[in-house]
Amino acid sequence: MEMSSVTFENYRGFEKYTLDKLSRVNLLVGENNCGKTAILEGIHFLASQGDHGVLSGIAINRGESIKVEYDEDENRKVIRTFPIMRYFFHGRTIAPNQFFNIKTDYISTCAMVTKYQKQDTVPIDSTYKSLVSLTLKISAKKEDFESLSSIALTNDGIIIEPFLPQKNGLTQSTINIIDATQERAIKIFYLSPISLSIEELSAAWNKIISEGKDSAVGKAMTIIEPRLTNVFFLSRSIQVFNNYTGILVELDNRDDQRIPLGNFGDGMRRLLTLAIIMIQNSNGIVLIDEIDTGLHNSIMSDLWQFVIETARQSNIQVFATTHSLDCIRGLAECYRKYPEYADDISLQRIVPDLEKSVTFNAKNIEIAMHQNIEVR
Amino acid sequence: MAGNILLVEGSDDLHTIMHLLIRHGYDYNTRLRKGDDPLPEIHELGGKNALLDSIESFIAGAYERIGFIIDADLPISSCWQSVRNRLQPVGVDAPTNPIATGFIGTSTSLRKQVGVWLMPDNQRDGTLEHFLRELIRIDDSLFAHARQATVGATQNGARFAVQDTPKAEIHAWLAWQETPGLPYGAAVGAHYFLHDQAMANAFVDWFKRLYGV
């Protein structure tokens, strides 16, 4: 279900802020520190229906965390990372009765701080029990669904329960809450400017293969390399992890022309990641921070064409951010070539001092680019 | 924020306005723009329709104070209505009729100031040329001659349209100045035109109020 607006209250830099007149594909722009990434993260939390694991993952991703070293037993020291929750609150402080909420037409989430009480029965490692003084109660409401979860916090808003930042084998560069057991969950994927690791990519690729969607990925990759005819992932045993020699790209349909992806530029990896994520998230939400990372200006329009077309065909709502004027120009150019995308595009200028984002529809994006209007 | 901006239809408008402002003491000659410079950058947009079409996008853009100078040649009532229709979606309430001293309003939702000046004087139908004609001395005998000559030219097969008569008259007059045939802006800069006549002063006053300069 598409979100037509999202409202944030007491959340990060926003006292009260609404993203309005949203479309299928939404590009968020604004000055540095205006809160674009915070908005993507907020939508992620909202779509996760109040999963505190998502909040914790965001905090750790941002470095809003503390590391604690302690003796697990006599022989072993363990370092643990604990996420700090107070930065999610407007004003960056935390105290009983403070809350933030994020809501859209059909779902709302609220995180509320209360005094810790014994009956809150949050699971706490006995090591930390004495530090607990607050409880973060997270509620989510949807037509057919309501949930409430609690988590213990210290005075400073630190989550000190045993916490696993890695879910489904994904590392900190991504937080993926796709969970087969959570039938009700909205499919969502957050792509940070750091692309996925090769392990994550190949895991995603296996899924793409099993669903028979690999040719769609290959087609997207031809945006950068028109000669590309196939993509192969080598099996784990001979992969050299953390570089891209484990992925081969076939050119011109010739099996003697299989070249490691690492031989191509960053753009190829980024586009592969984007293509895989878009294609496997049908009927879901895709959040892309700094969509243009690693991609050359000349392919921006084609990139948007791929994103918009896939979003249309697979019923995906996309929220992307950029700092790049070329990226916005690419969107305008794409609309010029494909006027039928008029209703699928919005540009959201984020100005935290206002109450609402400033929305440009497709036509006004094109005018703004034609007249060199500064929209960032 | 990208500062303040003033939008005009074409290059004649741009140079005329800029030279007029220079003659009123604004430094458009030598300055290098800084981020907090209140003096607006002046941009031409390539015609009336282009300007009307981009009103919403400029107001929604990253500018603090935004001004538009538009020829009132539709006639003025429908020109003003076209402007109002484009101000309304970005939260700027404009009165039913244009304001003689130039419109200055606020977008409450975007918290920014927006001004509109209809050439020549927010009251009459007209263009930049009607404004410029006011900047020629009433008793300028050369201009009287240019007007007569323009009438004579029509009788001798000159092909300009009736509504372009002020343009033909001014260009004829400019052809006979010390440096013949200067474009409008340069002619303002060369002091062929007056700069402190009532209509020019009213315009500069609107400019001052809009940008706080």
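**From the A–B contact to a sheet in chain A**

One salt bridge is counted between chain B and chain A. The model is predicted. To find this pair, select Glu355(A) and Arg111(B), whose closest N and O atoms are 3.7 Å apart.

Next, show helix H2 of chain B, residues 48-60: with seven residues, H2 gives the most to the side of chain B that touches chain A. Colour that side of chain B by residue class, and nine nonpolar, four polar and four charged residues appear. Across the two chains, seven residue pairs are in polar contact, with both residues at pLDDT 80 or more.

Now widen the selection to the whole contact, made up of 16 residues from chain A and 17 residues from chain B. About 1,300 Å² is buried between the two chains, and carbon and sulfur atoms account for 52% of it. On the chain B side, pick Ser57(B), Ala60(B) and Arg111(B); these lose the most area to chain A, together 33% of what that side buries. Arg111(B) is also the salt-bridge partner of Glu355(A).

Leave the interface and move to a sheet within chain A. Select E12, E13 and E14 of chain A, an open sheet of three strands in that order, with antiparallel pairing. Strand E12 (228-233) and strand E14 (258-260) are the edges, each pairing on one side only. From one strand to the next, the twist averages 30°.

Zoom in on strand E13 of chain A, residues 247-251, which pairs with E14(A) over three bridges. Here Val249(A) has Ile259(A) in E14(A) as its bridge partner.

Finally, add helix H3 of chain A, residues 198-210. H3 lies across E12 and E13 of chain A and runs at about 110° to E12(A).

Methods. Residues numbered from 1 in each chain as written. Chains lettered and ligands numbered in written order. Predicted model: local features only at pLDDT ≥ 70, side-chain atom pairs only at ≥ 80, totals over all residues. Heavy atoms only, no water. Contact = heavy atoms within 4.5 Å. Buried area = accessible area lost by both parts, 1.4 Å probe. Salt bridge = Lys/Arg side-chain N within 4 Å of Asp/Glu carboxyl O. Polar contact = N/O pair within 3.5 Å; in protein donor to acceptor, adjacent residues only side chain to side chain. Helix = DSSP H or I, 4+ residues; strand = E, 2+ residues; numbered from the N terminus. Nonpolar A, V, L, I, M, F, W, Y, C, P; charged D, E, K, R; others polar. Pairing = 2+ DSSP bridges. Axes fitted to C-alpha atoms, helices over the stretch in contact; angles between N-to-C directions.
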